[in-house]
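Trainee: Got a minute to go through the aromatic rings in this one with me?
Mentor: Sure, pull it up.

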Amino acid sequence: MDPFSDTLQRLREAFRSGRTRPAEFRAAQLKGLGRFLQDHKKLLQEALAQDLHKSVTESEISEISLTQGEVNLALRNLRTWMKDEKVTKNLATQLDSAFIRKEPFGLALIISPWNYPVNLSLVPLVGALAAGNCVVLKPSEISKNTEQVLAEVLPQYLDQNCFAVVQGGPEETGQLLKHKFDYIFFTGSPRVGKIVMAAATEHLTPITLELGGKNPCYVDDNCDPQTVANRVVWFRCYNTGQTCVAPDYVLCSPEMQERLLPAMQSAITRFYGDDPRSSPNLGRIINEKHFQRLQGLLGCGRVAIGGQSDERDRYIAPTVLVDVQQTEPVMQEEIFGPILPILTVRSLDEAIDFINRREKPLALYAFSTSNQVVKQVLARTSSGTFGGNDGFMFMTLSSLPFGGVGNSGMGKYHGKFSFDTFSHHRACLLAHSGLEKLKEIRYPPYSVCRLRLLLMAMETRCTIL
Amino acid sequence: MCKISEIVQRARAAFNSGRTRSLQFRIQQLEELRRMIKERQKDIAVALAADLHRNEWNAYQEEIVYSLEEVEHAIKKLPEWVLDEPTEKTAQTQQDECYIHSEPLGVALIIGTWNYPFTLTIQPMVGAIAAGNAVVIKPSEVSENVANLLATIIPQYLDKDLYPVINGGVPETTELLKERFDYILYTGSTGVGKIIMTAAAKHLTPVTLELGGKSPCYVDKDCDLDVACRRIAWGKFMNSGQTCVAPDYILCDPSIQNQIVEKLKKSVKEEIFGPIMPIVCVRSLEEAIQFINQREKPLALYVFSQNDKVIKKMIAETSSGGVTANDVIIHLSVHSLPFGGVGNSGMGSYHGKHSFQTFSHRRACLVRSLLKEDPLKGRYPPSMAKMMRH
């Protein structure tokens, strides 16, 4: 029997009843979400520590605080976002009222991954709730402690007729996807993204897919190696490398590589001490499967820094690989671990060519003291997002749309973009019921003089209907 | 069949050459498109007449005008649309450049349809060109004359490699859909829309699907029935009823049903033929809303009333791609309004700037200086400093 039918039915009926429409209801839901984060901060931190060995600092910054910020932003702006958006009119519609109305789609499904299980479940949820949808959340079963907290505690803070958490693995998710949703928001791999999109096709469900890729990091010769090393290493090792927007590989000249290596070692020591294994600031790999995968990648190229691993607690040392071939596994898949390969190129052109022969990534980084070089990399490549001279700092700006392109995804969110993503933008024109004389020109019977009038109107660039 | 593959590869190579990047190039191509429409108006009208039995007046008013408007608007506005959009910064990013950079997606595929075969191919094309893409155009084979005309005249005015026209039926379209595109815009039926989206899913290609549905038209007791029926008839019988946003059926109180029938008959007496418009009797606005909501979300919804409250309630309690109150269809003529469906009537939208955005990737950019390391020292471990969010 289908375990989801009853839940989905309940949510659908609640949506039809109209209860999610008023701003007061939506604000109450958002406030509930905010209280959940405050009341259970410790519980969430513990779950994240159990799942990912995530430090309190990282949990605070990239999961709890960040989500709280989105909740607060939505609460502050909800009524503004909900307002009809007036648009410019043409000559014929001057006396009419033309606007875009933001409406909820209905029943939204959010499928979230294990690497930032709080952030990537709840930030989309903020958008879906603010937009007035009923929501089904399917958190990842891989980050199982966080999944438990979301399944057992979170619903108590929200209207359970309008929100439900469902649990399960790939099989259950497949079953869930057979049902009709009015919007699907998926964060995960491109491979599963295709499966989700194919499922969405059945019901013509619009989707946002936040996927991944290999995020290139171009380092120009015109750089201070230590500054670059600090930034690249930190963003690479954040959350033990398990970040969809982390720098995945470096492209630089052989000379720059020589300068970067000692600088990177210095950065690693500074951040994680002489024995990174004992640092509270370095996490662990999520599970056995990924650990084995990453351990395998340590054999690619030549280990220049790090390379240690320990199966007992799924520890992978911050590692830099050199002399890597394009055909090796470390260059064939998204790394998603604290391993950074460096590939050498002889020029900016070669770097750009290398990047453009591959799938469009979710993020792309360029380091140079020359603004011109940074702008060139931007202009001649494509990626979901772009960072000049830093890592994924752009994730902290809710005014920037976060999303991929090509293989790295479609759609975007964060801040107002979340609200807009989960809304149908309905074009509305309220015409004047009088002034019929003006409209007569459009009706039959046709005549030559009417045609002439119309052609004149075309010349003066206005539309008369 | 391998010819289709070659054509698409050539378009991709042409895109990769980078020549669509410059604003000047895109404007020049749009100006050529405008010149094409103006110079070949007669040929276009003849082809439309052959395919749809439309006269010259209809050809201009219902198709060519829209296309010309769209391309004029794009030429005028493109210099503004291509600009980077600066965004609000946080305390920590005050010194940085934060903006959204619009870029082309690559090779777009536009699949046209037969009821407005010219404009429903050209209007999306304007957006795709403006956004800097290469565009493969697949007109509907059902409107054969327009399809053949487009295949002839487009290469005469526009870049031959970047904007190829591919004609053919189901086998050719199936072949075409095997190719990888960076965007697909399809106008047509729900059934085929699903086929398109399935093909797109294989390559993770984003899509806009402009589909159809039964557009309801609620006529309140409190309205000028003469005006309402005249406008409804105009929209319904336009293009012999073959308009995706035409009012499909009327909902009204039984007491005005007969009047509506009479007035509609009077309005269409000039027409040679016209399908009967179904009228569903409802006893209240609530019942009308219920009737509408039991059905798939339509592409358009219409409501006639002098009472603002009625209009507001109808809009608030239903959903549809778009709405016009006290008239029909004309919400399509306002550039600044997005044209698209919801639910079964489609996803995505275009027209005006919405076209440009549909066919662009809006890339989030944060550019900072390499020289200012000190302020950032606090964020690295082993310190407990935080990156504060706005």
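Mentor: We'll go through ring pairs, then charges over rings; keep in mind that the model is predicted.

Trainee: How many aromatic pairs are there over all chains?

Mentor: The count over all chains is 21. Take A:Phe105 and A:Tyr183, a tilted pair with centres 5.1 Å apart and 35° between the planes.

Trainee: Where do those two lie in chain A?

Mentor: A:Phe105 is in the loop between β2 (97–104) and β3 (107–111), while A:Tyr183 is in strand β6 (residues 183–187). So the pair ties together parts 78 residues apart in sequence.

Trainee: Is A:Tyr183 buried or exposed?

Mentor: Buried, because its relative accessibility is 6% and the cut-off for buried is under 20%. A:Phe105 counts as buried too, at 10%.

Trainee: OK, next pair. What is the geometry of A:Tyr238 and A:Phe392?

Mentor: Edge-to-face, with 80° between the planes and 6.1 Å centre to centre. This pair links distant parts of the chain, 154 residues apart. A:Tyr238 sits in the loop between α9 (225–237) and β9 (249–252). A:Phe392 sits in the loop between β16 (385–388) and β17 (409–410).

Trainee: And how buried are they?

Mentor: A:Tyr238 has a relative accessible area of 3%, and A:Phe392 has 9%. Both count as buried.

Trainee: Which residues do ring pairs link into a cluster with them?

Mentor: A:Trp234, A:Phe235, A:Phe271, A:Tyr272 and, from chain B, B:Tyr380.

Trainee: Switching topic. Which ring does the charged end of A:Arg358 sit over?

Mentor: That of A:Phe354, 3.9 Å from the ring centre. In chain B, the charged end of B:Arg295 sits over the ring of B:Phe291, 3.7 Å from its centre.

Definitions and conventions: Residues numbered from 1 in each chain as written. Chains lettered and ligands numbered in written order. Predicted model: local features only at pLDDT ≥ 70, side-chain atom pairs only at ≥ 80, totals over all residues. Heavy atoms only, no water. Phe/Tyr/Trp six-rings, centres within 6.5 Å; stacked < 30°, edge-to-face > 60°. Helix = DSSP H or I, 4+ residues; strand = E, 2+ residues; numbered from the N terminus. Buried < 20%, exposed > 50% of the residue type's maximum accessible area, 1.4 Å probe, protein only. Lys NZ or Arg CZ within 6 Å of the ring centre and 35° of its normal.
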